[in-house]
Amino acid sequence: MTSDLIRLSALLDDAKCFDLIRQHRWPDGVRCPSCASGHVVRNGDARHTRQRWLCKDCKARFDDLTGTVLAGHHQPLRTWVLCLYFMGLNLSNRQIAQELDLNESAVQAMTGQLRQGLVERQPDVRLDGEVEADEVYVVAGHKGNPAAVQKKAAWDAGGG
């Protein structure tokens, strides 16, 4: 698989990765993470791959990664993108560490942060309309034996 990594690494550079981040983060144009305003201007040297921005409304300064799980890390962005790609291939942390030439604890931290970031992006579940639930969840394993539930409640209330 290492030969695949060489080809992938040749295709990926930080500029392409930052372009990818900008496209996915702001498909309708850059917005301030502080106030959600679209009145932002470039702020900083355009030669760098990570673009800095200034919000004209709230005066906040931010960059492409501000407020993301990718902010504040020493690994290059292409390493994070490759890690996410390998996670999508269902490789183990050990395999990812070998492919990225990193130690397993670094990869464990990276994959944990990426997974947590994905979970945080999940919208809250909102039930609407008619909702049905099975009573087994209410009585937690004492289905058909309500006396056992009452006995356990009395035991818990008595400090036992």
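## Close-up views of a predicted model

Among contacts in the protein chain between residues at least 6 apart in sequence, those joining residues at least 24 apart make up 47%. The structure shown is a predicted model, and the legends below pass from the whole chain to individual residues.

**Figure 1. Overall content of the protein chain, with seven helices and three strands.** Along the sequence, these elements succeed one another in the pattern α-α-β-β-β-α-α-α-α-α. The chain has 160 residues, of which 26% count as buried. Its accessible surface amounts to about 11500 Å², and carbon and sulfur atoms account for 52% of that area.

**Figure 2. Packing of helix α2 (residues 14–25) against helix α3 (residues 77–88).** The two helices meet at an angle of about 65 degrees, and their axes are 8 Å apart. The crossing of α2 past α3 is left-handed. On the α2 side, the contact is formed by Asp14, Cys17, Phe18 and Ile21, while α3 contributes Leu77, Arg78 and Val81. Sorted by class, the residues of this contact comprise five nonpolar and two charged ones, with no polar residue.

**Figure 3. Surroundings of Trp80 in helix α3.** Trp80 has a relative accessibility of 4% and therefore counts as buried, the cut-off being under 20%. Beyond its neighbours within four places in sequence, Trp80 is in contact with Leu70, His73, Gln75, Met110, Gln113 and Leu114. The view also takes in Cys17, whose C-alpha atom is separated from that of Trp80 by 9.3 Å, although the two residues are 63 apart along the chain. Cys17 is one of the α2 residues that make the contact with α3.

**Figure 4. Surroundings of Thr79 in helix α3.** The relative accessibility of Thr79 is 12%, so this residue counts as buried. When residues up to four places away in sequence are not counted, Thr79 touches Leu100, Leu102 and Met110. Met110 is also among the contacts of Trp80. A separation of 9.5 Å lies between the C-alpha atoms of Thr79 and Asp13, which are 66 residues apart along the chain.

**Figure 5. Position of Leu82 in helix α3.** Leu82 counts as buried because its relative accessibility is 5%. The C-alpha atom of Leu82 is separated by 8.7 Å from that of Leu12, a residue 70 positions away along the chain.

**Figure 6. Polar and other contacts of Asp63 in strand β3 (residues 61–63).** Asp63 has a relative accessible area of 14% and is therefore buried. Its side chain is joined to the side chain of Arg50 by a polar contact of 3.3 Å. A polar atom of the Asp63 side chain also lies 2.8 Å from the backbone nitrogen of Leu65. Apart from neighbours within four places in sequence, Asp63 is in contact with Arg25, Trp26, Arg50, Gln51, Arg52 and Trp53. Of these, Arg25 belongs to the residue range of helix α2, residues 14–25.

**Figure 7. Ala71 in the loop between β3 and α3.** With a relative accessible area of 30%, Ala71 is partly exposed. Its contacts, leaving aside neighbours within four places in sequence, are with Leu65 and Thr66. Leu65 is the residue whose backbone nitrogen lies 2.8 Å from a polar atom of the Asp63 side chain.

**Figure 8. Two loop residues other than glycine with positive phi values, Ala36 and Asp101.** Ala36 is placed in the loop between α2 and β1 (40–42), and its phi is near 65 degrees. The relative accessible area of Ala36 is 42%, so the residue is partly exposed. Asp101 is found in the loop between α4 (93–100) and α5 (104–121), with phi near 55 degrees. At 71% relative accessibility, Asp101 is classed as exposed, the cut-off being over 50%.

Conventions. Residues numbered from 1 in each chain as written. Predicted model: local features only at pLDDT ≥ 70, side-chain atom pairs only at ≥ 80, totals over all residues. Heavy atoms only, no water. Axes fitted to C-alpha atoms, helices over the stretch in contact; angles between N-to-C directions. Helix = DSSP H or I, 4+ residues; strand = E, 2+ residues; numbered from the N terminus. Left-handed = near helix turned anticlockwise from the far one by under 90°. Contact = heavy atoms within 4.5 Å. Nonpolar A, V, L, I, M, F, W, Y, C, P; charged D, E, K, R; others polar. Buried < 20%, exposed > 50% of the residue type's maximum accessible area, 1.4 Å probe, protein only. Areas by Shrake-Rupley, 256 points an atom, 1.4 Å probe, with all protein chains shown as cover. Polar contact = N/O pair within 3.5 Å; in protein donor to acceptor, adjacent residues only side chain to side chain.
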